[in-house]
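Q: Please take a close look at a single part of this model and describe what surrounds it. Plain wording is enough, with each term explained where it comes up.

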Amino acid sequence: MSKLVDESKFEALLEDLPGWQVNDGELLKVFAFPSYLEGVDFAKRCGEVAEEMNHHPDLLIQWRKVRVSIVTHSAGGLTGLDFEYAGKVEGIDK
């Protein structure tokens with residue numbers, strides 16, 4: 001099981017994750033796209049990263065935006081794996 005990240009470290013970890021925030025115990029960001037299908041394609045790539053890491057976010061596909069939220073449920077909060085996943089999502093060409 002992954003170790004929980006102390007809340008006092010959230011701010012420092014978020015410095016390298018533009019637009020991400022911690023809300024209600026989840027790490028989340030909403031990504032905007034010029035079209036619905038570009039958002040669907042982005043969500044697919046998020047899923048591929050999740051499969052590689054065996055760490056799966058909640059993805060909400062909406063009209064021209066995708067909400068990505070992640071938490072390590074088995075640990076009961078945010079772990080380093082959540083922040084690592086967010087970093088990899090930031091590396092996806094949008």
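A: D41 has a relative accessibility of 39%, so it counts as partly exposed (between buried, under 20%, and exposed, over 50% relative accessible area, with a 1.4 Å probe and protein chains only). The model is predicted: local features need pLDDT of at least 70, side-chain atom pairs count only at pLDDT 80 or more, and totals for chains, interfaces and linings use all residues. Numbering starts from 1 along each chain as its sequence is written, and side-chain values use heavy atoms, leaving out hydrogens and water.

The side chain of D41 meets that of R45 in a salt bridge, with 3.1 Å from N to O (a side-chain nitrogen of Lys or Arg within 4 Å of a carboxyl oxygen of Asp or Glu). R45 and D41 lie four residues apart in helix 2, so about one helical turn separates them. Helices here are DSSP runs of H or I with at least four residues, and strands are runs of E with at least two, numbered from the N terminus. Like D41, R45 is partly exposed: the relative accessible area of R45 is 23%, against 39% for D41.

Helix 2 holds another such pair. K44 and E48 form a salt bridge whose closest N and O atoms are 2.4 Å apart. These two are also four residues apart in helix 2, so again the separation is about one helical turn. E48 is partly exposed, at 36% relative accessible area. In total the structure has four salt bridges.

Another of the four joins strand 2 to helix 3. In this salt bridge K29 pairs with E90, and the closest N and O atoms are 2.8 Å apart. This pair connects distant parts of the chain, because K29 belongs to strand 2 and E90 to helix 3, 61 residues apart. The two ends differ in exposure: K29 is buried at 13%, while E90 is partly exposed at 21%.

Next comes the sheet. Four strands make an open sheet in the order 1-2-4-3, with antiparallel pairing (two strands pair if DSSP finds at least two bridges between them). At its edges are strand 1 and strand 3 (58-62), each of which pairs on one side only. Between strand 1 and strand 2 there are three bridges, in the antiparallel sense. One bridge partner can be named: for N23, the partner in strand 2 is E26. Helix 2 packs on this sheet and touches strand 2, strand 3 and strand 4 (65-70), where contact means heavy atoms within 4.5 Å. Helix 3 (residues 80-90) lies across strand 2 and strand 4.

Aromatic rings add to the picture. Four aromatic pairs are counted (ring centres of Phe, Tyr or Trp, its six-membered ring, within 6.5 Å; planes under 30 degrees apart are stacked, over 60 edge-to-face, the rest tilted). The W20 and F31 rings have centres 6.0 Å apart and planes at 75 degrees, so this pair is edge-to-face. W20 is in the loop between helix 1 (10-14) and strand 1 (21-23), and F31 is in strand 2 (residues 26-32), eleven residues apart. W20 is buried at 6% relative accessible area, and F31 is buried at 4%. F31 also pairs with F42, in a tilted arrangement with 4.7 Å from centre to centre and 45 degrees between the planes. That second pair links strand 2, which holds F31, with helix 2 (residues 36-53), which holds F42, eleven residues apart. F31 and F42 are both buried. Together, W20, F31, F33 and F42 make up one aromatic cluster.

How values were computed:
Axes fitted to C-alpha atoms, helices over the stretch in contact; angles between N-to-C directions.
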